[in-house]
Amino acid sequence: QVQLVESGGGLVQAGGSLRLSCAAPGVIISLKDKGWYRQRPGEEREMVATITTDGTTKYADFVKGRFTSSRDNAKNTVHLPTRALESDDTAVYYCNARHGARGLLSAWGQGTQVTVSS
């Protein structure tokens, strides 16, 4: 099974930065479209960013140009550098990856906690 592992979360002050990363240890296949999602306390999980196999990105409106998603297909990793973090960014951040012959399967990590203090 494809398992994803997020890292890079932590406690930062408002206006600070974090670099989130997602790895797929032991996965030798090439993953397809990927994405970052987050779940704020008491809220539903929501899309943060998506990135296609060729690197095309899409962001939620709340990102406001503060995050940039990138991927390294050779290493099956995806990253989300962040800046100007706000208290509303406090959430568990998850990575997602499509896989399978037709890219119809989906894998999730366990999430990494981002806490932004004011």
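Take contact here to mean heavy atoms within 4.5 Å. With that in hand, start at G8 in this predicted model: G8 touches L18, R19, L20 and T112, once residues up to four places away in sequence are set aside. G8 sits in the loop between β1 and β2 (10-13), and with a relative accessible area of 33% G8 is partly exposed. R66, by contrast, is 58 residues from G8 in sequence and 16 Å from G8 in space, C-alpha to C-alpha.

Now step back to the whole chain. The secondary structure comes to zero helices and 11 strands, so there is nothing but β-β-β-β-β-β-β-β-β-β-β when you read along the sequence. How does the radius of gyration of the protein chain sit against that of a compact globule? For 118 residues a compact globule would have a radius of gyration near 13 Å, and the chain's 14 Å agrees with that. Along its principal axes, the C-alpha trace spans about 45 × 25 × 25 Å. Buried residues make up 41% of the 118 residues. Of the contacts with a separation of 6 or more, 51% come from residues 24 or more positions apart. The accessible surface is about 6500 Å², and 49% of that belongs to carbon and sulfur atoms.

A good strand to follow next is β4 (residues 34-39). Five of its six residues are buried, so β4 is largely enclosed by the rest of the structure. β4 has β5 (residues 46-51) as a partner: the two run antiparallel and are joined by five bridges. Six residues lie between these strands in their hairpin, and there G42 takes a positive phi near 75 degrees. β4 also pairs with β9 (residues 91-99), again in the antiparallel sense, over six bridges. W36 shows both pairings in one residue: W36 stands opposite A49 in β5 and opposite C95 in β9.

That C95 leads straight to the sulfur chemistry. A disulfide is a covalent bond between the sulfur atoms of two cysteines. How many disulfides does a search of the whole structure find? It finds one, and that disulfide joins C22 to C95, with S to S at 1.9 Å. The link of C22 and C95 is right-handed, with 50 degrees about the S-S bond. Because C22 lies in β3 and C95 in β9, the pair ties together parts that are 73 residues apart in sequence. Are the two cysteines buried or exposed? C22 is buried, with a relative accessible area of 4%, and C95 counts as buried at 0%; the cut-off for buried is under 20%.

From C22, look along β3 (18-23). Strand β1 (residues 5-7) pairs with β3 in the antiparallel sense over three bridges, and the bridge partner of S7 in β3 is S21. β3 also pairs with β8, antiparallel too, this time over five bridges. Within that pairing, L20 stands opposite L80 in β8.

L80 brings us to the core. In soluble globular proteins, nonpolar side chains tend to be buried together. Here the largest nonpolar core has 26 residues, and which of them touch the most other members? They are L4, L31, W36, V48 and L80. The elements giving two or more residues to this core are β3, β5, β8, β9 and β11 (112-117). Of the elements, β9 gives the most, with four residues. L31 is worth a click of its own: leaving aside neighbours within four places in sequence, L31 is in contact with V2, L4, A24, R71, N76, A97, R98 and H99.

Finish at T82, which is found in β8 (residues 77-82). At 8% relative accessibility, T82 counts as buried. Beyond its neighbours within four places in sequence, T82 is in contact with S17, L18, R66 and F67. Two of those names have come up before: L18 is also touched by G8, and R66 is the residue 16 Å from G8, C-alpha to C-alpha.

Technical notes: Residues numbered from 1 in each chain as written. Predicted model: local features only at pLDDT ≥ 70, side-chain atom pairs only at ≥ 80, totals over all residues. Heavy atoms only, no water. Buried < 20%, exposed > 50% of the residue type's maximum accessible area, 1.4 Å probe, protein only. Pairing = 2+ DSSP bridges. Core = buried A, V, L, I, M, F, W, Y, C linked by side-chain atoms within 4.5 Å. Disulfide = S-S within 2.5 Å. Rg over C-alpha atoms; globule rule 2.2 N^0.38 Å. Areas by Shrake-Rupley, 256 points an atom, 1.4 Å probe, with all protein chains shown as cover.
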